[in-house]
Amino acid sequence: MTSPSTGSVSGSVTGTSPIVLDVTDTAPIPFGRLVGVELRKARDTRASFWLLAIIGIVVVLAEAIALIVTTVNDDKIQFGDFTAVAAFLTSVLLPVLGIMLVTTEWTQRSAMVTFTLESRRSRVILAKLAVGVILTLATIVLATAIGAICTALYGLFNGHADWHYGWDGFFGFIIGQNLAMLTGFALAALLLNTAAAIVIFFIYTYVLPGLIALGAHYMDWFDKLAPWIDFSSAQGELYELSDMTGKEWGHLVVSGIIWLVVPLVIGLRRILRAEVK
Amino acid sequence: MIKVEGLTRKYGSFVAVDDVSFTCQPGRVTGFLGPNGAGKSTTMRVMVGLTPPTKGEVTIGGLRYHDIPNPGRHVGVLLDASAQHGGRTGREVLTLGAMTMGLPESRVDEMLDLVSLTKAEAKRRIRNYSLGMKQRLGIAHALLGDPQVLILDEPANGLDPAGIRWMRGLLKNYADRGGTVLLSSHLLHEVEQIADEMILIGNGRIVARGDRETLLAGAGPAQTLVTSLDNAALAAALQAAGLPVEQAGRGLRVQAAAADVGRAALSAQVVLTDLRDGGAGLEDLFLQLTADTQREAPSSLQAPTPEGTVA
């Protein structure tokens, strides 16, 4: 540290001593700027940078492995299948991204600074949500681009590329991945703790469907109820989007309210009202 | 500029801040003093909307914090220098602040210069910073938006003596230019030299306020400590003049102003070797006013016995 000096502090603080703050020339912080700041925060630490890098690497690796295996065995594979392989893995990683967007602010206590610079907390949370959606869409674009490259290479090696993708698969992919990210986001808002949110997410995804299936197997009345509370199965229907009936949409909406909307609302209420220390 | 009115904050049955009212004037440094847990930080968190008050209100320049657009441009805040992501560099923290407030990147360099953090230090991650460096960074962050009001919670904590002197100069200069400064401390000497006004808080309540002189005047009747070549003769002269006197160490303690003691000595023709104000200092006053809230009563300290065994 060099020897400290008492240099000039500011330009606008002058001899006059106003009792009232003149804020007429001060514009509120635009929402786009908040999104930009949150986007930067999502990659400016080692943990957040590597999470994004790993998502990218996993997408590329998964599709490359699918390409190698199918090329060597001369199995049939479509454009859409490549992205589906990537989607299977990113549906585990994107929720972690959703969780980290919320929890780092609390575990590292930087929420104190964030909510001091923008005291309308709901806008900060919305900006974080927007960043989650932007990064999820970026993942989908990457998975689709790599899928296209893999399909082209497959055609080059095997002579018969199958460019079938299907809008069903595409929109199912977009909605499904965003729901996965949002579920992580909601659990993080509810728990405000990275480890707890990740554990609960995996219970949600891997343990709960099994329990529901078990209950449905032994109890008749539960069997009828199960589709309405099983969020995982309801999301599975998304990949045959055009075949989805009103009933299946109903399953998605009802189970989504139970497992995503309720924790999100409780979590947001808490974040908006809580004392920040 | 800062106006706190009837502020109360309860946590269950515990009252952290109890009906506190005060104002901070522009162009002045207001010191907010009290022992740990007296309610300083809670009051400051309420000011910037991080803690909802149970009762009462705080306005800054006539506005509630929540209603100030882009508040970083008007109110510089440092509540906890450690409340930053340890994985970010110092420069990154300032860059995020500047981005949020809509300031150019050049402002970051200006602030780093101002708080004397070098380029190399600014590139290090905050988890590797000393507390003093975090405080400098926090002060830089608070000043980023060129605010008219500064709210600093224990900013001198962790600064070395040179750093404390530097900060005093910085804040004095800032207030002289018309800025409003509220800074808290649990250490009197950090504040008494720069604060134009002091607010003493203990147990969530304001126990005293005013500038140095007002506070000392309220500390009780004048007392003088005097030593002379002939204390017995002096004591007799003082008693003859009707001034209560008692033995105090090698000298005398007199319940009177120094001038009266000097006059008595002069007429008794006793040579004085030491004459000084024996009234309770600001430190004593501070301890006395906040005595109920101190965690350790000074009297409970016992000197170890020569053998090192506990008596």
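The following paragraphs describe the nonpolar cores, one helix packing and the chain contact in a predicted model.

The largest nonpolar core comprises 135 residues, and those with the most contacts inside it are Leu97(A), Phe185(A) and Leu187(A) from chain A together with Met111(B), Ala140(B), Ile151(B) and Leu200(B) from chain B. Helix α3 of chain A, spanning residues 79–107, contributes the largest share of this core, namely 14 residues. When neighbours within four places in sequence are left aside, Ala140(B) is in contact with Leu94(B), Met111(B), Leu112(B), Leu114(B) and Val115(B). A second core, separate from the largest one, has 13 residues, among them Val226(B), Leu238(B), Val254(B) and Ala256(B).

Within chain A, helix α8 (residues 220–229) packs against helix α10 (residues 246–273) at an angle of about 75 degrees, the two axes being 6 Å apart. Because angles of 65 to 115 degrees count as roughly perpendicular, α8(A) is described as roughly perpendicular to α10(A). On the side of α8(A) the contact is made by Pro227(A), Trp228(A) and Ile229(A), and on the side of α10(A) by His251(A), Val254(A), Ser255(A) and Ile258(A). Of the residues in this contact of α8(A) with α10(A), five are nonpolar and two are polar, whereas no charged residue takes part.

Between the chains, 45 residues of chain A are in contact with 53 residues of chain B. Helices α1 (31–41), α2 (46–73) and α4 (111–117) of chain A each supply at least two residues of the side that touches chain B, and the residues on that side of chain A divide into 19 nonpolar, 18 polar and eight charged.

Terms used:
Residues are numbered from 1 along each chain as its sequence is written. Chains are lettered from A and ligands numbered from 1 in the order in which they are written. This is a predicted model: local features need pLDDT of at least 70, side-chain atom pairs count only at pLDDT 80 or more; totals for chains, interfaces and linings use all residues. A nonpolar core is a set of buried Ala, Val, Leu, Ile, Met, Phe, Trp, Tyr and Cys residues joined through C-beta atoms within 7 Å. A residue is buried if 20 or more other C-beta atoms lie within 10 Å of its own, exposed if 12 or fewer, and partly exposed in between; C-beta atoms are placed from the backbone. Helices (H or I, at least four residues) and strands (E, at least two) are DSSP runs, numbered from the N terminus. Two residues are in contact if their C-beta atoms, placed from the backbone, lie within 7 Å. Axes are lines fitted to C-alpha atoms, for helices over the stretch in contact, and angles run from 0 to 180 degrees between N-to-C directions. Angles under 35 degrees count as roughly parallel, over 145 as roughly antiparallel, 65 to 115 as roughly perpendicular and the rest as oblique. Ala, Val, Leu, Ile, Met, Phe, Trp, Tyr, Cys and Pro count as nonpolar, Asp, Glu, Lys and Arg as charged, and the others, Gly among them, as polar.
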